[in-house]
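This report concerns the nonpolar core and the aromatic pairs of the structure shown below.

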There are 2 protein chains.
Amino acid sequence: MPDQDSKRRPDWIAVDWGTSRLRVWAMTANGTVLAARQSEDGMSTLSSADYERVLTALVSDFLPVAEGAPMPVVVCGMAGARGGWREAGYRTVPCTLGDVGDLTRVPCRDPRLSVTILPGLRQKDAPDVMRGEETAIAGLISAENLRDGVACLPGTHSKWCRIDRGGIAEFTTVMTGELFAAIAGHTILRLSLSEGAFSETAFREGVDEGLQHPETLTARLFGLRANDLLSWVGPGVAVSRLSGLLVGAELSATRSYWADGAVHLVASDPLAEKYALAFEVAGAEFIRENAEKLTLAGLGAVYRALLEDAA
Amino acid sequence: MPDQDSKRRPDWIAVDWGTSRLRVWAMTANGTVLAARQSEDGMSTLSSADYERVLTALVSDFLPVAEGAPMPVVVCGMAGARGGWREAGYRTVPCTLGDVGDLTRVPCRDPRLSVTILPGLRQKDAPDVMRGEETAIAGLISAENLRDGVACLPGTHSKWCRIDRGGIAEFTTVMTGELFAAIAGHTILRLSLSEGAFSETAFREGVDEGLQHPETLTARLFGLRANDLLSWVGPGVAVSRLSGLLVGAELSATRSYWADGAVHLVASDPLAEKYALAFEVAGAEFIRENAEKLTLAGLGAVYRALLEDAA
């Protein structure tokens with residue numbers, strides 16, 4: 001998105017600070033995006049002393065002159081983890097997402113910044129944690145005035161979340177993306193996963209297999225290697241099948257989430273396309289949602305609550 | 001094993017040349033081990049031109065003087081793979097393991113060497129391959145005059161094999177060891193897998209979970225990380241649990257192999273101990289076998305067949 005309106009000073013800055021990426025948006029009070037920027041300065045590359053400098057460098061032209069009121073900056077994601085900018089704690093599910101009493105203010109040296117970090121979510125039975133995705137889920141709940149439903153946010157660590165009476169009832173993390181990378185990059189399969197066009201057929205077969213026979217997943221993986229040694233398969237087939245197997249295994253692990261109603265699929269392409277295919281194979285209903293829009297809605301709700309709180 | 005009797009010239013040399021390790025044994029005609037040696041010169045570190053030199057360096061003192069009859073060297077394992085010393089082909093299951101018509105002779109520059117490489121096994125339905133383990137299985141069949149049974153050879157790539165009427169009916173590879181290494185070394189779990197003593201309790205719980213709920217494997221993995229973030233668990237617990245989950249998943253994938261009778265567990269400690277625990281959790285019967293002894297029995301049968309063939 002170009003900085004088409006960057007001459008106008010934003011009312012606040014939205015930040016999604018993940019493990020591998022920093023994304024910022026210059027926002028108006030009513031939720032219009034004036035500019036969007038990103039960098040590779042993810043949490044995994046920074047120490048806590050680096051955050052203020054990295055953020056200021058990315059948004060300096062949006063900041064007020066030294067004597068003006070400080071710019072509200074609302075941050076979700078791994079910046080709030082232990083070892084991030086400042087540890088922002090967790091809300092414990094079941095819970096709602098609207099409170100602002102448990103936000104973390106970050107003291108800054110630069111007087112032009114007023115930074116707030118959102119807490120993550122934690123779950124004690126079936127131990128699990130989430131940092132960042134809860135903000136898109138909050139956006140989904142508020143934007144669609146959702147009372148009940150299920151959200152799926154696929155990725156490195158896919159998050160599945162059950163919404164009940166407008167709050168979070170439970171969630172589950174499935175390491176699909178990270179397992180794919182570890183298997184494709186650090187096992188013998190790397191020798192058989194030639195680059196090539198995505199094969200929808202191989203992906204669908206993999207999903208079906210992973211879903212119907214999750215008990216044989218760790219055996220099916222070596223089959224991809226053997227198949228390559230014993231017969232020629234086209235470029236992209238094995239890698240598409242591996243991706244399908246792991247997404248199928250994810251759907252198998254989360255069947256209780258999607259079996260009984262439509263899933264809100266919160267993702268961007270090309271991941272959204274893949275999961276849409278997988279849901280089709282599984283016979284699961286789904287509704288595609290715009291992940292960025294929902295994250296901004298979630299951060300915007302916090303911005304407005306902070307304004308009211310200050311008033 | 002010390003070279004206690006290395007003054008005596010062996011009748012033949014047994015070689016198990018794997019991906020990461022080379023093992024050789026100086027043998028008498030009747031199967032006594034005179035000396036055992038190994039090196040890290042596995043197939044993954046060598047090009048085909050290196051093999052003769054590496055082998056000769058390791059066994060030079062066993063070789064006859066230049067004018068004597070050449071020393072028979074019988075080799076199983078990845079040295080026979082494409083990209084190994086010389087491609088030794090595959091037998092296609094179902095098959096027996098006793099033929100010597102399909103062995104591969106390797107021409108050597110050194111006239112003191114007479115090298116033979118055994119073929120691997122391949123399976124066309126449920127594509128799979130094996131190189132090296134089939135020789136221990138042949139040893140098991142011949143040493144115990146086995147007609148029917150199941151062998152489990154755990155490891156980086158665990159092999160499960162169904163023996164029927166003294167031959168190989170089918171087999172399955174499960175990437176348990178390699179998945180463990182990829183997950184423990186190349187995902188976020190690496191931050192939560194502290195070193196520590198093996199926890200038998202955590203391992204058993206993991207096996208049970210992997211076996212009873214294989215459909216949630218890829219979701220349970222992140223639980224190990226979350227559990228570490230949310231509460232203190234002792235050193236070694238998460239790593240033992242991960243190991244248990246993956247061995248449990250292996251047992252889930254191979255249930256048809258072990259559900260109906262005793263499994264011949266062909267392994268060395270500490271892996272044999274772990275699998276023995278896992279079989280206990282699963283309620284599977286098993287018989288511990290000496291992996292090295294069976295490999296030497298399998299190689300010895302080929303040595304004797306070659307002798308007869310030459311006579």
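The domains, the core and the aromatic pairs are described in turn.

This is a predicted model, in which local features need pLDDT of at least 70 and side-chain atom pairs count only at pLDDT 80 or more, while totals for chains, interfaces and linings use all residues. Residues are numbered from 1 along each chain as its sequence is written, chains are lettered from A in the order in which they are written, and side-chain values use heavy atoms, without hydrogens and water.

For chain A, the domain assignment (automatic or from a database) gives domain 1 (12–131) and domain 2 (176–290). Their C-alpha centres lie 33 Å apart.

The largest nonpolar core (buried Ala, Val, Leu, Ile, Met, Phe, Trp, Tyr and Cys residues joined through side-chain atoms within 4.5 Å; buried means under 20% relative accessible area, exposed over 50%, partly exposed in between, with a 1.4 Å probe and protein chains only) has 33 residues. A:Leu221 and B:Leu221 have the most contacts inside this core. Leaving aside residues up to four places away in sequence, A:Leu221 touches (heavy atoms within 4.5 Å) residues of both chains, among them A:Ile183, A:Leu242, B:Met175 and B:Leu179.

Over all chains there are 16 aromatic pairs, meaning rings of Phe, Tyr and Trp (its six-membered ring) with centres within 6.5 Å; planes under 30 degrees apart count as stacked, over 60 as edge-to-face and the rest as tilted. Two of them are tabulated.

| Pair | Centre to centre | Angle between planes | Class |
|---|---|---|---|
| A:Tyr51 and A:Trp85 | 5.7 Å | 15 degrees | stacked |
| B:Phe279 and B:Phe286 | 5.4 Å | 35 degrees | tilted |

A:Tyr51 and A:Trp85 are both buried. B:Phe279 is buried at 0% relative accessible area, whereas B:Phe286 is partly exposed at 26%.
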